Every structure is written in C-alpha cells, then in structure tokens.
Amino acid sequence: MGNSQRSLDHIVLAVRDLEVAAARYEALGFTLTPRAEHPWGTANRLAQFAGRCFIELLSIDRPQVLADHAKTLPDQAFDFGSFNRDFLGRREGASMLVLSGEDARADCTRFAKLGGHPPFDFERKATLPDGSSAKVAFSLAFASDPALPQCGFFTCQNHFPEVFWKPAFQGHANGAETMTAVVLAAEEPARHAAFLETFTGAAGRDVAGGLTFALGTQELLVLSPDAVERLFPGERVTDKDPQLFGIRLKSSTREAGVTPSSEACGMAILWEG
C-alpha cells in the first residue's frame with residue numbers, strides 16, 4: 001500500500017455534560033458551533049478548523065431516544081449512540097477516530113474482512129453562522145477491532161460540505177488551524193497494524209515507540225505508553241486497553257506546549273507552535 005489520500009475528518013470527544021464541556025473548550029480559546037441534535041439521542045458542538053477537520057464534543061442528552069433507536073437497528077449495525085454511552089460509563093475522552101470518506105458503501109465493502117457493518121445514513125439540522133438552519137446529511141462506514149474495544153472507527157461521507165464547512169466557525173482565539181495528528185496509546189502497537197492499515201489504507205511505518213499511518217498531510221500515531229508520555233510531558237497512560245489519547249494541533253499564535261487531558265475533557269492536546 002502507498003500513502004493514503006484519506007484525511008482525518010474528526011475526533012469524537014465523548015463528554016458527560018455538553019454545555020460544561022463547551023464552556024471548557026471556549027475557555028481554551030476554541031470557537032464552537034451551536035448545539036445540534038442527532039436523531040438517535042446524542043447532541044454535539046463542534047470546533048471546526050480551516051484544515052477541514054474538527055473536534056466533535058458529543059454527549060448523550062436523550063437516553064430514552066437512544067435506547068429506542070438501538071432497538072430499530074438491523075443486524076450487524078454499529079450502534080454509535082450506545083458505543084459512546086458505554087464509553088462514558090468508564091470515562092470522558094476521545095472515543096472515535098473518523099476519516100473522510102467519498103463513498104461509504106465502497107468503504108463498507110473494504111471493511112467487510114474486518115467483520116464490518118452496513119452503511120449508516122442520517123441527516124440533521126445545522127445552525128448556520130447567520131442563525132438560519134439548513135439540512136446536512138452523512139453516510140458512515142464503521143470498522144471494528146475486538147483488540148481495540150475502547151476505540152470506534154468510521155469514515156464519514158459528507159453530502160453537503162458547502163453547508164457544513166463555514167469560515168465563520170473556523171477562527172479561534174487560540175489560533176488553531178488544523179489537527180496534524182491523532183495519538184493512540186497501545187501496549188503493543190504492532191498488534192494493531194493489520195487492522196489500521198485496512199482502515200486507513202496506508203502502510204504502517206516504524207517510528208520511535210511505535211508506528212505512524214499517513215492520512216494525507218496528517219498522521220495517526222500508534223505509540224507505546226512510554227512514548228506517549230514522552231510526547232505529552234506530564235501526562236500518564238493508566239488504562240491497559242488501547243485508547244485514543246490525544247491530538248496534535250497546529251496554531252498560528254499559540255506557543256508549543258501541552259493542554260493536559262484533565263483540562264480538555266479527557267483528551268490531551270499537543271500544540272505545535
């Protein structure tokens with residue numbers, strides 16, 4: 001496999017209280033989109049970046065809707081809402097890695113050898129910068145690995161990108177421009193290479209402490225706990241299960257440094273100066 005042209009779309013940050021988390025991220029200098037609801041009982045606010053990727057702050061705000069929705073899903077379907085509910089039963093933090101997609105059905109076919117899931121289509125209302133609303137719609141292709149039980153993976157095909165991506169939401173007081181990496185902490189990085197090569201379409205390359213998978217101009221770093229702790233000074237990897245530990249963000253104004261996971265709802269942020 002050569003380097004993938006599939007890029008990082010977003011990271012799902014599961015939080016217990018959306019408005020508390022939003023206030024924390026706004027205090028960190030992020031501009032957030034207005035609150036939006038999914039039809040299966042979750043709600044979100046987004047930190048969009050000019051580099052066409054984003055952080056999705058996500059909470060379970062209508063538990064009964066989520067439970068009712070789960071009963072309607074077909075066999076083998078991935079239950080997005082229940083996955084994040086169960087994740088939040090353990091902790092807040094980065095729960096899912098999402099890559100850009102152009103054809104969710106083709107991705108589902110590609111993921112079939114991973115014990116894949118059927119495509120999932122949905123739409124919701126988005127509030128635009130001028131306060132009006134418009135429809136956005138997405139098709140998702142999920143991939144799962146039993147060896148990565150606390151990490152969700154899917155590609156996202158955005159059917160109305162011209163409605164979704166808005167420059168007015170992409171200016172941040174902290175100068176954030178784009179995510180350049182996602183960091184996954186794992187005791188044995190090589191154990192997950194085959195799954196992640198299929199998911200990303202990129203061959204894993206050796207780096208100090210683990211592997212890197214190219215995502216266009218971005219990367220997925222899969223590192224040992226020791227390597228993660230060196231990358232994020234002051235942080236500690238305490239969970240034995242692999243976890244999406246943090247992200248690397250490029251800023252036009254902020255000095256290099258680390259926002260600890262304790263201040264960013266369970267997800268460490270490494271800033272590129």
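**A colleague's note on strands, rings and hollows**

1. Let me start with the strand pairing: β9 and strand β13 (residues 243-251) run antiparallel and are joined by 8 bridges. Please keep in mind throughout that this is a predicted model. Strand β9 also has a partner in strand β12 (residues 218-223), where the pairing is parallel and spans 5 bridges.

2. Val 182 is a handy residue for following both pairings. Towards β13, Val 182 stands opposite Ile 247. Towards β12, the bridge partner of Val 182 is Leu 220.

3. How many of the 10 residues of strand β9 (residues 176-185) are buried? The count is 9, so the strand is largely enclosed by the rest of the structure. Even so, β9 contributes to an open feature, as it gives the most to the lining of the largest pocket, with 3 residues.

4. That pocket deserves a look of its own. The largest pocket has a volume of about 390 Å³. It is lined by 21 residues, and those closest to its centre are Ser 7, Asp 9, Ser 100, Gly 101 and Glu 102. Besides β9, strands β1, β5 and β8 each supply at least two residues of this lining. By class, the lining of the largest pocket holds 10 polar, 6 charged and 5 nonpolar residues.

5. The second largest pocket comes to about 190 Å³. Of its 17 lining residues, Ala 36, Arg 124, Lys 125, Ala 126 and Thr 127 are the closest to its centre. Strand β6 gives the most to this lining, with 4 residues. At least two residues each come from β2 (36-37), β3, β6 and α5 (161-164). The lining of the second largest pocket divides into 9 nonpolar, 4 polar and 4 charged residues.

6. Next, helix α6 (residues 193-200). In this helix 6 of the 8 residues are buried, so α6 is largely enclosed by the rest of the structure. The buried residues are Ala 193, Phe 195, Leu 196, Thr 198, Phe 199 and Thr 200. They pack against the strands β5 (93-101), β7, β8, β11 (210-215) and β12, and against helix α4 (104-111). After α6 comes Gly 201, with a positive phi near 75 degrees.

7. On aromatic residues there is plenty to see, with 21 aromatic pairs in the structure. The rings of Phe 78 and Phe 83 have their centres 5.6 Å apart and their planes at 45 degrees, so this pair is tilted. Phe 78 and Phe 83 are both buried.

8. A second pair worth displaying is Phe 80 with Phe 154, which is edge-to-face, at 6.0 Å centre to centre and 75 degrees between the planes. Why does this pair tie together parts that are 74 residues apart in sequence? Phe 80 lies in helix α3 (residues 80-88), whereas Phe 154 lies in strand β8 (residues 152-158), so the contact of rings spans that separation. Both Phe 80 and Phe 154 are buried.

9. The two pairs above belong to one cluster. Ring pairs link Phe 78, Phe 80, Phe 83 and Phe 154 with Trp 40, Phe 54, Phe 120, Phe 122, Phe 138, Phe 142, Phe 164 and Trp 165.

10. Members of this cluster turn up again around the closed spaces. There are 2 cavities of 30 Å³ or more. The largest cavity has a volume of about 140 Å³. Of its 16 lining residues, the closest to the centre are His 10, His 38, Glu 56, Phe 122 and Phe 138. Strands β1 (8-14), β3 (42-49), β4 (53-60), β6 (120-127), β7 (133-143) and β8 each supply at least two residues of this lining. The lining of the largest cavity is made up of 10 nonpolar, 3 polar and 3 charged residues.

11. Which residues line the second largest cavity? They are Trp 40, His 69, Phe 78, Asp 79, Phe 80 and Phe 120. About 30 Å³ of space lies in this cavity. Its lining has 4 nonpolar residues, 1 polar and 1 charged. Phe 78 and Phe 80, discussed above for their ring pairs, are among the lining residues here.

Definitions and conventions:
Residues numbered from 1 in each chain as written. Predicted model: local features only at pLDDT ≥ 70, side-chain atom pairs only at ≥ 80, totals over all residues. Heavy atoms only, no water. Phe/Tyr/Trp six-rings, centres within 6.5 Å; stacked < 30°, edge-to-face > 60°. Buried < 20%, exposed > 50% of the residue type's maximum accessible area, 1.4 Å probe, protein only. 1 Å grid on protein atoms, 1.4 Å probe; cavity = no way out; pocket = protein on both sides within 12 Å on 5 of 7 lines; lining within 4 Å. Points joined across faces, edges and corners; volume = space filled by probe spheres on them. Nonpolar A, V, L, I, M, F, W, Y, C, P; charged D, E, K, R; others polar. Pairing = 2+ DSSP bridges. Contact = heavy atoms within 4.5 Å.
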